[in-house]
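Here are some short exercises to work through with the model open in your viewer. Try each task before you read its solution.

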Amino acid sequence: RQVLYADANGGGIGKSTDPGNTWQQAGSPGPFPVYSLTVDASAAHTIYAGTNGAGVWTSSDEGVTWQSTGRSNGMILSLALDRAGVLYAGTNAAGAQVSRDRGASWTTLDAGLDSIGRLTYGLWIDPRNAKKIMVGNEAVWGLGWSQDGGATWSDAGAGFTGGGPRGVAGAPLEARRSDGGAGERRVV
């Protein structure tokens, strides 16, 4: 069963069980706008919601009830989850954050990021290599990356000139082999 969730920026969480044809209310973590969502399919469809002012909330019953995590304040602009269940949050004032215990406690991934004002819009974790993290920000880089799980950071490479990217995502490429083999992934 394919389930989609969408944040409604103040209207709670929407849920579709028919790939977006119809939607119903799935609940709300509270009276504050939701800015980001991610789902942990390996943990019985646990949903994480990043809010404007109330941190990260979690639901283990598909959005019916919600509990605050250890990141209980601030604006959470983006959320990402790697295959091992490590949760990342991009924030408005605390930079990139990481939780290795499903949101109970958080650590700042700020090595080299202090100079960018700690504003992290978009966050992307490479699905093949969780040590590769990309972040979008308005200051110094526009797009920065870490090749070592957030211990050090640098400019994501020559040619990217945009300031303040709000999202970073991976997209599958078309299969290039005649046998229908799996496509590669690239950052878009």
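Strands here are DSSP runs of E with at least two residues, numbered from the N terminus. Please keep in mind that this is a predicted model.

**Exercise 1.** Find out where D82 lies relative to the strands, and which partners its side chain has.

*Solution.* Start with the location: D82 sits in the loop that links strand 8 (74-81) to strand 9 (87-91). Next, look for an opposite charge. D82 is buried but has no salt bridge. The nearest side chain of opposite charge belongs to R102, 7.3 Å away, whereas a salt bridge needs a nitrogen and a carboxyl oxygen within 4 Å. Then turn to the backbone: the side chain of D82 reaches the backbone nitrogen of V86 at 2.9 Å. Finally, list the contacts, leaving out residues up to four places away in sequence: D82 touches Y88, I125 and A130.

**Exercise 2.** Determine how strand 2 pairs with strand 1 and with strand 3, and follow K15 through the bridges.

*Solution.* Take strand 1 (residues 4-7) to begin with: strand 1 and strand 2 pair in the antiparallel sense, over four bridges. On the strand 3 (residues 24-27) side, the pairing with strand 2 is also antiparallel, over three bridges. Now follow the residue: K15 is the bridge partner of Y5, and in strand 3 the bridge partner of K15 is Q24. As a last step, check the faces of strand 2 (residues 13-16). I13 and K15 point to one side, G14 and S16 to the other, and all four are buried, so that both faces are covered.

**Exercise 3.** E62 and R102 each have a positive phi. Are they buried, partly exposed or exposed?

*Solution.* First, the angles: phi is about 60° for E62 and about 55° for R102, and neither residue is a glycine. Second, the places: E62 lies in the loop between strand 6 (56-59) and strand 7 (67-68), and R102 in the loop between strand 10 (96-99) and strand 11 (107-108). Third, apply the cut-off of under 20% for buried. E62 counts as buried because its relative accessibility is 19%. R102 counts as partly exposed because its relative accessibility is 35%.

**Exercise 4.** Describe the whole protein in a few numbers.

*Solution.* Begin with secondary structure: there are zero helices and 17 strands. Of the 188 residues, 45% are buried. The exposed surface comes to about 9200 Å², with 49% of it supplied by carbon and sulfur atoms. To finish, take the contacts between residues at least 6 apart in sequence: 32% of them join residues at least 24 apart.

Methods: Residues are numbered from 1 along each chain as its sequence is written. This is a predicted model: local features need pLDDT of at least 70, side-chain atom pairs count only at pLDDT 80 or more; totals for chains, interfaces and linings use all residues. Side-chain values use heavy atoms; hydrogens and water are left out. Buried means under 20% relative accessible area, exposed over 50%, partly exposed in between (1.4 Å probe, protein chains only). Contact means heavy atoms within 4.5 Å. Accessible areas come from the Shrake-Rupley method with a 1.4 Å probe; for residues, only the protein chains shown count as cover. Lys and Arg count as positive and Asp and Glu as negative; His and the chain ends are not counted. A polar contact is a pair of N or O atoms within 3.5 Å; within protein, one must be able to donate a hydrogen and the other to accept it, and residues adjacent in sequence count only if both atoms are side-chain atoms. Two strands pair if DSSP finds at least two bridges between them.
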